[in-house]
Amino acid sequence: MLGTDTLLVSDDARVRVVTISRPKALNALNPEVIAGLSQVLDDTAAAARAGDVRALVLTGAGEKSFVAGADIAAMADMSVGTAREFARAGHGVGEALAGLPIPTIAAVHGFALGGGCELALACDFIYAAENAKFGQPEVKLGVIPGFGGTQRLARRVGLARALELCLTGDTIDAAEAARIGLVNRVLPAAELLPAALATARKIAEMGPVAVAEAKRVLHAGAGLPLAQANALEIEAFAGLFDTADQKEGMAAFLGKRKPEFRGQ
């Protein structure tokens, strides 16, 4: 089983669950966790290409925290050069997570602050428990978000709301996070992971090539003028008619049976 002392990885029905497991430290991100996540995400990308994994759920161990942030004790004595490398490593994890060709869901309970909020933002969408708390409090420490928070947060909730959160360092609850579009759903804590897994399993049953293309076009088109984004969609739509999954999906619909997608 893939994993480390600080990361738990399990696969079921082509859904991978990655659990950050430093509960005594509220799952804070240190260099070991970041290196482990990079390894796990590289493996997940390979498993996705092979068709063995079709969705990923990211969560944290224990009841108090998703990820409380970066490990301040590990950061306190960093030099400019060390801090730059730490930020680059964190960005690398975010880019690897965002770049997976499969859907990624953050299942957030408790604290998702600083690096924890940034890690959740790198996922395609977020489900939150009612006790979840989100924030980018780095200014309280004399720094700013360093793992993509300033940029991903602005793209998720808009520039003005991102400025307010990053400049005040305020923490918001799950209800407010849903109101501003940071999270998709808010659920009782006991229902959080089952709901995230149910969504992941539902997506895993869809045509994997189409899912990957939908994710790619949505992300790529978000930064383009509408005409260019629509042109991107047209080409992606047309290209899928050269896949076995398209043939199978439409034949299954016409034959009133469940499709058997192979990711080809």
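## Strands, domains and salt bridges

In this structure, Val-108 of strand β6 stands opposite Ala-128 in β8, and this pair is a convenient place to begin. The model is a predicted one, and what follows was computed from its atoms. Strand β6 covers residues 104–108, while β8 covers residues 125–129; the two run parallel and are joined by four bridges.

From β6 the reader can look at how its side chains are placed. Thr-104, Ala-106 and Val-108 point one way from the strand, whereas Ile-105 and Ala-107 point the other way, and all of them are buried. In other words, five of the five residues of β6 are buried, and the strand is mostly covered.

Strand β6 is also paired with β4, which runs parallel to β6 and is joined to it by three bridges. Within this pairing, Leu-56 stands opposite Thr-104, and the bridge partner of Leu-58 in β6 is Ala-106. Strand β4 itself, made of residues 55–60, is mostly covered as well, with six of its six residues buried. Ala-55, Val-57 and Thr-59 lie on one side of β4 and Leu-56, Leu-58 and Gly-60 on the other, so that both faces are covered and all of these residues are buried.

Where, then, does β3 belong in this arrangement? Strand β3, residues 15–20, runs parallel to β4 and is joined to it by six bridges. Leu-58 appears here again, as the bridge partner in β4 of Val-18. Between these two strands the chain passes through helix α1, residues 31–50, on its way from β3 to β4, and this β-α-β crossover is right-handed.

The loops that follow these strands can be considered next. Ser-21 lies in the loop between β3 and α1, and because its relative accessibility is 18%, Ser-21 counts as buried. If residues up to four places away in sequence are set aside, Ser-21 touches Asp-5, Thr-6, Leu-8, Asn-27 and Ala-61. Ala-61, in turn, lies in the loop between β4 and β5, and with a relative accessibility of 15% Ala-61 also counts as buried. Apart from its neighbours within four places in sequence, Ala-61 is in contact with Thr-19, Ile-20, Ser-21, Pro-23, Asn-27 and His-109. Ala-61 and Leu-7 are 54 residues apart in sequence, and their C-alpha atoms are 9.2 Å apart in space.

The loop between β3 and α1 also holds Arg-22, whose side chain meets that of Asp-71 in a salt bridge of 3.3 Å, N to O. Because Asp-71 lies in the loop between β5 and α2, this pair ties together parts that are 49 residues apart in sequence. Both Arg-22 and Asp-71 are buried.

How many salt bridges are counted in the model? The count comes to nine. One of the others joins Glu-85 and Arg-88, with 3.0 Å from N to O; these residues are three apart in helix α3 and are therefore separated by about one helical turn. Glu-85 counts as partly exposed, at 48% relative accessibility, whereas Arg-88, at 53%, counts as exposed, since the cut-off for that word is over 50%. Another salt bridge is formed by Arg-257 with Glu-248, the closest N and O atoms being 2.7 Å apart. Of these partners, Arg-257 is partly exposed at 40% relative accessibility, while Glu-248 is buried at 18%. In addition, Asp-11, Arg-16 and Asp-43 are linked in a network of salt bridges.

Finally, the reader can step back to the level of domains. The domain assignment gives domain 1 as 7–204 and domain 2 as 206–255, and their C-alpha centres lie 27 Å apart. Across the boundary, 12 residues of domain 1 are in contact with six residues of domain 2. The size of an interface is often expressed as the accessible area that is lost when the parts come together. For domain 1 and domain 2, the area buried between them is about 610 Å², with 53% of it on carbon and sulfur atoms. One salt bridge is counted between the two domains. The side chains of Lys-215 and Asp-124 meet in a salt bridge of 3.1 Å, N to O.

Helix α9, residues 208–221, contains Arg-216, which counts as partly exposed at 39% relative accessibility. Leaving out residues up to four places away in sequence, Arg-216 touches Leu-232 and Ala-236. Its C-alpha atom is separated by 21 Å from that of Tyr-127, 89 residues away along the chain.

Definitions and conventions
Residues numbered from 1 in each chain as written. Predicted model: local features only at pLDDT ≥ 70, side-chain atom pairs only at ≥ 80, totals over all residues. Heavy atoms only, no water. Buried < 20%, exposed > 50% of the residue type's maximum accessible area, 1.4 Å probe, protein only. Pairing = 2+ DSSP bridges. Right-handed = clockwise from strand over helix to strand, strands pointing away. Contact = heavy atoms within 4.5 Å. Domains from an automatic or database assignment. Buried area = accessible area lost by both parts, 1.4 Å probe. Salt bridge = Lys/Arg side-chain N within 4 Å of Asp/Glu carboxyl O.
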